[in-house]
Amino acid sequence: MQYRRLLAVSVALAASHAPLFAAPPTTAPAAAPPGMVWIRGGEFTMGSDSRLARPDEGPAHRVRVGPFWLDAHEVTNEQFDAFIKATRYITTAEKAPTLEEIMKQVPPGTPPPPKEMLVAGSVVFTPPDHPVPLDDISNWWTWTPGADWRHPEGPASNIADRMKHPVVHVSWDDAVAYAAWAGKRLPTEAEWEFAARGGLEGKDYVWGDDPPSETHPQANIWEGSFPWKNTAKDGYVRTAPVGSYPPNGYGLFDMAGNVWEWCSDWYDATLYRSRAGRGITVDPLGPPKSNDPTQPFTPLRVERGGSFLCHESYCLRYRPSARHGGAPDTGMSHVGFRCAKSPQPQAADVPAAPTPTTKAAKP
Ligand SMILES: [Ca+2]
Ligand SMILES: [Ca+2]
């Protein structure tokens, strides 16, 4: 847990290689669960060595994933509201963090945050009205008491006209709780990327190699000058209703942009280097723990797909190979999720501590 706390402080203070399994079924074993798409699985090139790729996206390597179902779109406020009404679940952002939680994730010697920080809230995108240096995220992120999934910009905001938009301010823990309630699970990072590519091999974008178009927008991203001037030529400054842009080759919407999507894996910035030259990685569940040298005190889970804030000048991560690590207790105004589901019988949802050499527990 706990990056929400850490980020609050920072803002405030300034494959396995198991034998190949039998060929996956090419047709779904049953009628699709409502809102889900059958992904028949297969072998693909995961990661990227493209000039657009960041270091954590390479080297590109061969991976095989088994068949699964995936939500056609990000989980919406309407869907999440049904979960809350059924379970009375309280999200991470609605609970005040403790001083102990915060101090566990900051370097030794860091002074404790002021008491006013120890209240329920979340981190909200708050754009400046002028250009700012891009090396300081506090120029556009603000710890906002009272911000949560029902109040995306803070207590004065609401989601009344955004029920078809993706839910935001959900932590990884919240997403896992929703998935368990829905009889689903979070996708693995490998499943997510296989699905995002939609059958296209080695392309920079989920729609191919063409760059984003402002006349025929392929996704909800940032247009203009980040983070202060958004021309919104794609129609939306913040989140868009799910399904507002063309689907990819598998009929999946918003695999690029709109909101980042939690995956089940721990995030390891160097993960792919360990797979290089080792043949085909089969149904990887991710590393046993997270590893990001830039955030050594914070365990991180994988987020994929980029968001409405991504722009080529700063965050060109609305690409299928792009990766990001987020602390499991961090909900933000540009992070959501979608769910996967294994063919029956359903496996346990999310492995607590998968190892790179453990074959997936998926049936
Ligand atoms: Ca946009
Ligand atoms: Ca997305």
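**Figure 1. Confidence along the chain of this predicted model.** The pLDDT averages 88 over the chain. A score of at least 70 is reached by 87% of the residues. In residues 5-24 the pLDDT is below 50, and this stretch has 53 contacts in the model beyond near neighbours in sequence. Residues 346-363 also have a pLDDT below 50. For this second stretch, the contacts beyond near neighbours in sequence number 41.

**Figure 2. The open sheet of three strands, E1-E4-E14.** Pairing in this sheet is antiparallel. Strand E1 spans residues 36-39 and strand E14 spans residues 340-341; these are the edge strands, and each pairs on one side only. In the strand order, E4 stands between E1 and E14.

**Figure 3. Pairing of strand E1 with strand E4.** Strand E4 covers residues 68-71 and runs antiparallel to E1. Four bridges join the two strands. One bridge can be located by residue: Ile39 has Phe68 in E4 as its partner.

**Figure 4. Helix H5 and its surroundings.** Helix H5 consists of residues 189-197. Nine of its nine residues are buried, so the helix is largely enclosed by the rest of the structure. A residue is counted as buried if 20 or more other C-beta atoms lie within 10 Å of its own. The buried residues of H5 include the charged-type names Glu189, Glu191, Glu193 and Arg197. Also buried are Ala190, Trp192, Phe194, Ala195 and Ala196.

**Figure 5. The residue that follows helix H5.** Gly198 comes after H5. The phi of Gly198 is positive, near 60°.

Methods
Residues numbered from 1 in each chain as written. Chains lettered and ligands numbered in written order. Predicted model: local features only at pLDDT ≥ 70, side-chain atom pairs only at ≥ 80, totals over all residues. Pairing = 2+ DSSP bridges. pLDDT = per-residue confidence, 0-100. Contact = placed C-beta atoms within 7 Å. Buried ≥ 20, exposed ≤ 12 C-beta atoms within 10 Å, placed from the backbone.
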